[in-house]
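User: Please take a close look at one part of this structure, the sheet and what packs around it. I am a first-year student, so keep the steps short.

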Amino acid sequence: MLFPNLCICCDGYISHQENQVCDLCMYTLPKYEENEFKDNSLARKFWGRVRLENVAAQYKLTGSSAVKSIIHQIKYRGNTDLGIAMGEVLGATLMKSTLFTDVNLLVPVPLHPKKERLRGYNQCDLLLTGLGAVMNLPIAKNKLIRKKHNSTQTKKNRYERYINSKEVFCITDIEALQNKHVLIVDDVITTGATIEACASVLLDVDGLKLSVATLATGI
Ligand SMILES: [Zn+2]
């Protein structure tokens, strides 16, 4: 066996029915409980920055070592099964909400190509594989790409951030995104700077509406 049957969150033994995270840990992960509310605390983080339709998260990152373990496995340990499984969990949550029913295209937050080559994958693609299957939605891969490594700077003013976002992200296929309600998906949202930069670029596309979902949020 390649992996012992231990829960990645608590190191307890898990049964064959459980997938890497034991049922007890799954049940006690701190859920972000505000997805039914349009003006939830994560959505408010983007007010005055970019115009988003709806914003949702699955888990709260703060104070939870279990959520951090899951993110670490997905992001740095190549745990593709867990990434897809967590995408399915997020998808099930969005399906229960009334706010995401008209989303018709999924877009991952892109990594810089060099970083993706180094890591071997983009963790957002894993999430989208699970999420797309549950929501039965297409994934637009490589329509939004990252040109620059460096992260966006939050200290810049709004106009400078807008210009900076054009230097970091760009769209390769405008037609594929026109008049779509896009759901952009990230693994973690903390300051919201990356989403803001992606959104600044995406919202230049004619008729595009944008919503956001993340596996975990620092709020
Ligand atoms: Zn556990």
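Analyst:
**The sheet and its surroundings**

Start with one pair of residues: Leu105 stands opposite Val182 in strand 5. Keep in mind that this is a predicted model.

Now widen the view. Strand 2 and strand 5 pair in the parallel sense, over 4 bridges. Strand 5 (residues 181-189) also pairs with strand 6 (residues 209-217), again in the parallel sense, over 8 bridges. Two partners can be picked out here. Leu183 has Ser211 of strand 6 as its bridge partner. Val185 stands opposite Ala213 in strand 6. What holds such strands together? Strands of a sheet pair through backbone hydrogen bonds, and the pairing may be parallel or antiparallel.

Put the strands in order. The open sheet has 4 strands, arranged 1-6-5-2, with parallel pairing. Which strands stand at the edges? They are strand 1 (55-60) and strand 2 (105-108). Each has a single partner strand, so one side of each is left without a neighbour in the sheet. The sheet is also twisted in numbers you can check: on average, neighbouring strands are turned by 20° against each other, direction ignored.

Look again at strand 5. Is it enclosed or open to the outside? Of its 9 residues, 8 are buried, so strand 5 is largely enclosed by the rest of the structure.

Next come the helices. Helix 6 (residues 123-135) lies across strand 2, strand 5 and strand 6. Its direction makes an angle of about 125° with strand 5. Helix 9 (residues 193-202) lies across strand 5 and strand 6. Helix 9 runs at about 160° to strand 5. Follow the chain through this region. Strand 5, helix 9 and strand 6 make a right-handed β-α-β unit.

Helix 9 has another partner. Helix 7 and helix 9 pack with their axes 8 Å apart, at an angle of about 85°. Angles of 65 to 115 degrees count as roughly perpendicular. Helix 7 and helix 9 are therefore roughly perpendicular to each other. Which residues make the contact? Helix 7 gives Arg161, Tyr162, Ser165, Lys166 and Val168. Helix 9 gives Glu196, Ala197, Ser200 and Val201.

Stay with helix 7 for a moment. Lys148 is found in the loop between strand 3 (144-146) and helix 7 (158-168). Is Lys148 buried or exposed? It counts as exposed, because it has 12 C-beta neighbours inside 10 Å, and the exposed class takes 12 or fewer. Lys148 still has contacts beyond its sequence neighbours within four places: His112, Glu167 and Val168. Take Glu167. Lys148 and Glu167 are 19 residues apart in sequence, yet their C-alpha atoms are 7.0 Å apart in space.

Now the nonpolar interior. The largest nonpolar core holds 58 residues. Which of them touch the most other members? They are Met86, Leu127, Ile184, Val185 and Cys198. Helix 4 (residues 80-96) gives the most to this core, with 7 residues. Met86 shows how distant parts of the chain meet. Leaving aside its neighbours within four places in sequence, Met86 is in contact with Ile70, Ile74, Leu127, Gly130 and Leu215. Val185 comes up twice in this account: it is on the list of core residues with the most contacts, and it stands opposite Ala213 in strand 6.

Two spots beside the sheet deserve a look. Asn179 sits in the loop between helix 8 (174-177) and strand 5. Its phi is positive, about 60°, although Asn179 is not a glycine. Why notice that? Most residues other than glycine have a negative phi. Asn179 counts as exposed, with 11 C-beta neighbours inside 10 Å.

The other spot is Ile219, in the segment after strand 6. Ile219 is partly exposed, with 17 other C-beta atoms within 10 Å. Not counting residues up to four places away in sequence, Ile219 touches Ser41, Leu42 and Lys60. Leu106 is another matter. Ile219 and Leu106 are 113 residues apart along the chain, and their C-alpha atoms are separated by 23 Å.

Definitions and conventions. Residues are numbered from 1 along each chain as its sequence is written. This is a predicted model: local features need pLDDT of at least 70, side-chain atom pairs count only at pLDDT 80 or more; totals for chains, interfaces and linings use all residues. A nonpolar core is a set of buried Ala, Val, Leu, Ile, Met, Phe, Trp, Tyr and Cys residues joined through C-beta atoms within 7 Å. A residue is buried if 20 or more other C-beta atoms lie within 10 Å of its own, exposed if 12 or fewer, and partly exposed in between; C-beta atoms are placed from the backbone. Helices (H or I, at least four residues) and strands (E, at least two) are DSSP runs, numbered from the N terminus. Two residues are in contact if their C-beta atoms, placed from the backbone, lie within 7 Å. Two strands pair if DSSP finds at least two bridges between them. Axes are lines fitted to C-alpha atoms, for helices over the stretch in contact, and angles run from 0 to 180 degrees between N-to-C directions. A crossover is right-handed if, with the strands pointing away from the viewer, the path from the first strand over the helix to the second runs clockwise. Angles under 35 degrees count as roughly parallel, over 145 as roughly antiparallel, 65 to 115 as roughly perpendicular and the rest as oblique.
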